[in-house]
Amino acid sequence: IEVVEEQVGNVNPKTNFRLIIIQTELERFKFLVRSFLRTRMAKIDKYALYMLRTPTQTARLSASELQYANTHQTLLEAHYRSSFLAQFPTSLQRLDDTAGGISMVEQPDTDTAVFVRVLRDIEVPIVIEGTDTDFEMRRGDVYVVRWSAVREYVMHGDAELI
């Protein structure tokens with residue numbers, strides 16, 4: 001650090017200002033990447049069992065994310081077993097039980113609102129399920145809309161999340 005500060009001090013003020021701008025942008029970029037990774041890890045933590053049980057979700061994880069999800073879920077199950085599950089009857093010890101038609105595996109909410117930028121005109125009107133709202137999405141427009149309404153367009157590259 002001292003060597004860098006010494007080298008920065010020896011540079012003329014105009015170059016020094018540019019260096020400060022570059023360092024500031026680099027720190028901003030590192031903050032954004034760390035924030036993205038923290039959010040992604042929080043989602044893996046929250047939905048680990050769902051992601052591990054759903055092949056399409058598992059395919060979206062990198063090798064290190066898959067290893068993390070497996071380790072996290074294994075540790076969580078061991079903790080639950082040692083804390084309280086061992087005291088339940090064997091038929092009630094499963095974490096992925098679907099008794100009574102209700103799944104215990106938490107899934108992401110597909111009706112949550114997302115910000116979407118349209119990359120290509122979408123000719124088919126977007127219909128919001130449960131409402132009488134429909135609209136057309138044009139290239140360059142930004143919308144706040146339910147994920148379930150635009151998921152297929154994002155997956156096909158016609159729109160992107162922002």
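Leaving aside its neighbours within four places in sequence, which residues is R40 in contact with? The first legend below takes this up, and all the views come from a predicted model.

**View 1. R40 and its contacts from elsewhere in the sequence.** Here we look at R40, a residue of helix α2. Once the neighbours within four places in sequence are set aside, R40 is in contact with R60, L61 and E65. R40 counts as partly exposed, because its relative accessibility is 29%. For a sense of scale along the chain, R40 and F29 are eleven residues apart in sequence, and their C-alpha atoms are 16 Å apart in space.

**View 2. A nonpolar patch on the surface that includes F29.** Four residues make up this patch: F29, V33, F36 and L37. Together they offer about 400 Å² of accessible area. F29 belongs to helix α2, which runs over residues 13-46. With 51% relative accessibility, F29 counts as exposed, because the cut-off for that class is over 50%.

**View 3. An open sheet of three strands.** Follow the strands in the order β4-β1-β5, and you will find antiparallel pairing. At the edges sit β4 (142-146) and β5 (159-161), each of which pairs on one side only. Neighbouring strands of this sheet are turned against each other by 40° on average, direction ignored. Helix α6, made of residues 147-155, packs on the sheet and touches β1, β4 and β5. The direction of helix α6 makes about 120° with that of β4.

**View 4. The pairing of β1 with β5, and a salt bridge between them.** Strand β1 covers residues 113-118 and pairs with β5 in the antiparallel sense over three bridges. If you would like one pair to look for, V116 has L161 in β5 as its bridge partner. Side chains join these strands too: R117 and E160 meet in a salt bridge, at 2.5 Å from N to O. R117 is in strand β1 and E160 in strand β5, so this pair ties together parts that are 43 residues apart in sequence. Both ends count as partly exposed, R117 because of its 33% relative accessibility and E160 because of its 28%.

**View 5. A salt bridge between strand β2 and a loop.** In this close-up the side chains of R138 and E123 meet, with 3.6 Å from N to O. E123 lies in strand β2 (residues 122-127), while R138 lies in the loop between β3 (134-137) and β4, so the salt bridge ties together parts that are 15 residues apart in sequence. How does the accessibility of the partners read, exposed or partly exposed? R138 counts as partly exposed at 30% relative accessibility, whereas E123 is exposed, with a relative accessible area of 55%.

**View 6. A salt-bridge network around R94.** Salt bridges that share partners join R53, R94 and D96 into one network. Take the link between D96 and R94: the closest N and O atoms of this salt bridge are 2.9 Å apart. R94 is partly exposed, given its relative accessible area of 48%. If you would like to keep exploring, a search of the whole structure finds ten salt bridges, among them the R94 and D96 pair shown here.

Note on methods: Residues numbered from 1 in each chain as written. Predicted model: local features only at pLDDT ≥ 70, side-chain atom pairs only at ≥ 80, totals over all residues. Heavy atoms only, no water. Patch = residues over 30% accessible without salt bridge, like charges linked within 9 Å, V, L, I, M, F, W, Y side chains within 5 Å. Areas by Shrake-Rupley, 256 points an atom, 1.4 Å probe, with all protein chains shown as cover. Helix = DSSP H or I, 4+ residues; strand = E, 2+ residues; numbered from the N terminus. Buried < 20%, exposed > 50% of the residue type's maximum accessible area, 1.4 Å probe, protein only. Pairing = 2+ DSSP bridges. Axes fitted to C-alpha atoms, helices over the stretch in contact; angles between N-to-C directions. Contact = heavy atoms within 4.5 Å.
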